[in-house]
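Dear colleague,

Please find below the structure that I am handing over to you. My notes on its salt bridges and strand pairing follow directly after it.

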Amino acid sequence: KSSSKIKNEKYLKEKVDPVLTPMIKSVSKKRPENPLNYMIEFLKDKYKIVEYEASEQEKQEILSLKKEIIDLKDKLEAKKKEEVSEESEDDEEDEYDSQKPKKKYSLKPRVAVSAEAHGDWNKETEYKPINNPKTVEQKKSLLERLNKIFMFQNLRKKSKEIIINAMKEEIVTKETMVIRQGDDGNELYIVDDGQLLCYIQDKDTGEQQLIKEYGPGDLFGELALLYNAPRAATIISKTNCTLWSLDRATFTAIIKNAALKQRERHEAFLKSVNIFKTLGEYELMTLAEVLLPIEYKKGEYIITEGEEGEIFYLLEKGKAQATRTISPGLPPKIVMHYGRGDYFGEV
């Protein structure tokens, strides 16, 4: 592990955590209606911060930087999609088993939540596979799309075939509202061609905020199906688009139960990590989607000093330690210990 990484991790633990921990405890105790404003005031009072009013020019520069960050994030996601490994032919019964990744692999990076109830008024029926005709090329293209999306990657070959057969082609013209925030949802979508814009309405101002742009290969609309919740965002086509939709019945029968259990487990763990405790429900759902479980045996190396780092690790279970070679020819020395909720590999 490089010297700069060790220093950065030590800095975060010694300098950043002492600032965040008391603030988070205070927020949890007070439970303010507007936690963001409360945290800002908390830091001002505790550290006697003098408020600075930015000039109009500085405000414009900040807005420009925010847009640039979003663009860079989207480019990073696009790059990660290209590094996805080929489809596994594993026929094990558990469709969402833990996987140990190769050195390079994709981490595809997106309310009230309730489980779907069944009773006399909402009877659970036996699922009957749907078959919407497609060409061989369309099926091949869809399989490639599924293999690059976290939710579908680890499904068995037969399950993927059922999903592909059930998918329906949707032709959307420019400036069409595909889904509206707050509406009920019965389909998820995969973008085959075109661009779409994702907006979330600000609770305080009511303004629509652009948070993401979707392109070929991207998935959206899955949260409403996964959590039986209203649509979390509004999606409007920026160009003419070709989409593939998947119905709720197929999603529930093939994917939902296994995916929901895994995502809920990930969310519960993320809430226990200090750096994520200020995230909202939507952000936690999105972050939980990209987590991949990796298991290591005692004594096995997770990161090797000097190698190129591409993965950010969160320790969910067990203990780990960081060692560093201080002097050539001498055994490495332990410089850091890690437990549940700790993280490394971020620098």
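**Salt bridges and strand pairing**

R180 has a relative accessibility of 46% and therefore counts as partly exposed, since the partly exposed class lies between 20% and 50%. Please bear in mind that the model is a predicted one.

The salt-bridge partner of R180 is D183, and their closest N and O atoms are 3.6 Å apart. D183 is likewise placed in the partly exposed class, because its relative accessible area is 35%.

This pair belongs to a set of three salt bridges, found by a search of the whole structure. As general background, side chains of opposite charge can pair when their charged atoms come close.

A second salt bridge joins the side chains of E213 and K238, with an N to O distance of 3.5 Å. E213 belongs to strand 5 (residues 208-214), while K238 sits in the loop between strand 7 (234-237) and strand 8 (241-247), so the contact ties together parts of the sequence that are 25 residues apart. With a relative accessible area of 29%, E213 is partly exposed. K238 is also partly exposed, at 40% relative accessibility.

The remaining salt bridge is formed by the side chains of D192 and R145, at 3.6 Å from N to O. It links distant parts of the chain: D192 is in strand 3 (residues 187-193) and R145 is in helix 4 (residues 136-146), 47 residues apart. Are these two side chains buried or partly exposed? D192 has a relative accessible area of 23%, which makes it partly exposed. R145, at 21% relative accessibility, also counts as partly exposed. Buried would require a value under 20%, so neither residue falls in that class.

I turn now to strand 7, which precedes the loop that holds K238. Which strands pair with strand 7? One of them is strand 2 (residues 177-179), which pairs with strand 7 in the antiparallel sense over two bridges. Within this pairing, M177 has I236 of strand 7 as its bridge partner. Strand 4 (residues 196-201) also pairs with strand 7 in the antiparallel sense, here over four bridges. In that case Y199 is matched with T234 of strand 7 as its bridge partner.

In short, strand 7 has antiparallel pairings with strand 2 and with strand 4, and the loop that follows strand 7 carries K238, the salt-bridge partner of E213.

With kind regards

Terms used: Residues numbered from 1 in each chain as written. Predicted model: local features only at pLDDT ≥ 70, side-chain atom pairs only at ≥ 80, totals over all residues. Heavy atoms only, no water. Salt bridge = Lys/Arg side-chain N within 4 Å of Asp/Glu carboxyl O. Buried < 20%, exposed > 50% of the residue type's maximum accessible area, 1.4 Å probe, protein only. Pairing = 2+ DSSP bridges.
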